[in-house]
Structure formats: C-alpha cells, structure tokens
Amino acid sequence: AAQTGHLVFSTLHTNDAPSTLERLVLMGLEPHVVSGALLCVVAQRLVRRLCPACRAESSLSEDQRSLLQLSYESPSPSRSWRPVGCDDCDGTGYRGRLGLFEILPITARVKQQILEDPSEELLWQAARREGLTTLLEDGVEKVEKGLTSIDEVLRVVTVKRRGGGQEPP
C-alpha cells in the first residue's frame, strides 16, 4: 500500500528505530522496497511522569552513572530527580505518563545504507550521522527537566553498550 502512495501506519516490535529497518529486510522484504516505501520510523516508549508536587532532586547512583558511561551515547545528566510521594499522586511519586521518542527520517544516506548493507550496526551509524536522537538521549533530556526519573528511563530503554552486547560500532 505504501508503494502505491497510501499513507500506512504500522507497528513492529524492535529495540530502536534503526533496527526496524533490518527487521523488515529479515522478514523478507527486499531492501529496495524498504528504502522506497518508508518515509520515517518512530520508536517510542512510555515512562511514568514524576509528580510535580513532590519530586525531589537527587544524584545518580554509581550503577546508573556506570551504565550511562558504558552506553554509546554516554549521556551525563546535569540534574536528576526521584519520586517522593504525596497526596496528589497517592504516595507513588508519579502522576501520568510521558513518551520517549526516537525519530528516524529515511534520508538519502539512510536509503543508501539500506540498499548497500541493511545490518543494524551500519544503519545505526548512518542514522547517527543524520542526527538521530536516541530513546536514551530523549529520556535523559526529560530526566534533566524533572519530567521523569532515570530509573524509569533505564527500565524501558535498551542501552547499547560499548564493548558488550547491543553495540553498534
């Protein structure tokens, strides 16, 4: 349908936007079909929103800091917040939900990479060169703003580690 000009929205379960492209090829779609039919891929995760009435500023634990430093993005939040609990949030420290997003437009560079070698690692590199903001980076930005906690972000995001599993070069 997308090849005939129809706007198609669909879901596919992957860890991030670039791996969606590889998954489509592994499902049997030809790379030229994938590169020609897609306009954009969006990865999204929901996290709990910190209660604005009772959230408290905090520092990252050593484990959290180490995990972030091992990631490819190596984000280092300047501020961090934690849930506390009050009457407004029924003692949970959270109130509502918030989306984390990773948006990958299918640019000429990304299309070329799909055609040449649609492996997840190379697609991830191409996406980063095109300015991709990852789910982890979007989450850390929202942590710094006090919208959610680092625990929530790390609960829902797959951290790509340097020198270990889930690693794009």
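The following paragraphs describe helix α6 and its surroundings, the salt bridges, a nonpolar surface patch and the backbone at selected loop positions in a predicted model.

Helix α6 spans residues 135-144, and because seven of its 10 residues are buried, the helix is largely enclosed by the rest of the structure. The buried positions are Leu135, Leu136, Asp138, Gly139, Val140, Lys142 and Val143, a set in which charged side chains occur beside nonpolar ones. The cover over these residues includes strands β1 (40-50), β3 and β4 together with helices α3 and α7 (150-156). After the helix comes Gly146, which has a positive phi near 80°.

One of the buried residues of α6, Leu136, also has a prominent place in the largest nonpolar core, which comprises 29 residues and in which Leu21, Leu104 and Leu136 touch the most other members. Two or more residues are given to this core by each of α1, β1, β4, α4 (108-116), α5 (120-129), α6 and α7. When residues up to four places away in sequence are set aside, the contacts of Leu136 are Leu68, Ser71, Glu73, Pro75, Val153, Leu154, Val157 and Val159, a list that includes Ser71 and Glu73 as well as nonpolar residues such as Leu68 and Val153.

Seven salt bridges are counted in the model, and several of them involve α6 or the residues beside it. Within the helix, the side chains of Lys142 and Asp138 meet with an N to O distance of 3.0 Å, the two residues being four positions apart, or about one turn of α6. Both partners fall under the 20% limit for burial, so Lys142, with a relative accessible area of 14%, is classed as buried, as is Asp138 at 11%. A second salt bridge joins Arg128 to Glu137 at 2.8 Å from N to O; in this pair Arg128 is partly exposed, with a relative accessible area of 27%, and Glu137 is likewise partly exposed, at 21%. A further salt bridge is formed by Glu141 and Lys145, whose closest N and O atoms are 3.2 Å apart; here Glu141 counts as partly exposed at 36% relative accessibility, whereas Lys145 is exposed at 52%. In addition, Arg48, Glu152 and Arg155 are joined into one network by salt bridges that share partners.

At the surface, Leu7, Phe9 and Leu39 make a nonpolar patch of about 440 Å². Of these residues, Phe9 belongs to the segment that precedes α1 (17-26), and because its relative accessibility is 72%, Phe9 counts as exposed.

Two loop residues stand out by their backbone geometry. Most residues other than glycine have a negative phi. Ser74, however, has a positive phi near 45° and is located in the loop between α3 (62-70) and β3 (80-82), where it counts as partly exposed at 35% relative accessibility. Asp90 also has a positive phi, near 55°, and its position is in the loop between β3 and β4 (94-105); with a relative accessible area of 70%, Asp90 is exposed.

Definitions and conventions: Residues are numbered from 1 along each chain as its sequence is written. Side-chain values use heavy atoms; hydrogens and water are left out. Patches are made of residues with over 30% relative accessible area and no salt bridge: like charges are joined within 9 Å, nonpolar side chains (Val, Leu, Ile, Met, Phe, Trp, Tyr) within 5 Å. Accessible areas come from the Shrake-Rupley method with a 1.4 Å probe; for residues, only the protein chains shown count as cover. A salt bridge is a side-chain nitrogen of Lys or Arg within 4 Å of a carboxyl oxygen of Asp or Glu. Buried means under 20% relative accessible area, exposed over 50%, partly exposed in between (1.4 Å probe, protein chains only). Contact means heavy atoms within 4.5 Å. A nonpolar core is a set of buried Ala, Val, Leu, Ile, Met, Phe, Trp, Tyr and Cys residues joined through side-chain atoms within 4.5 Å.
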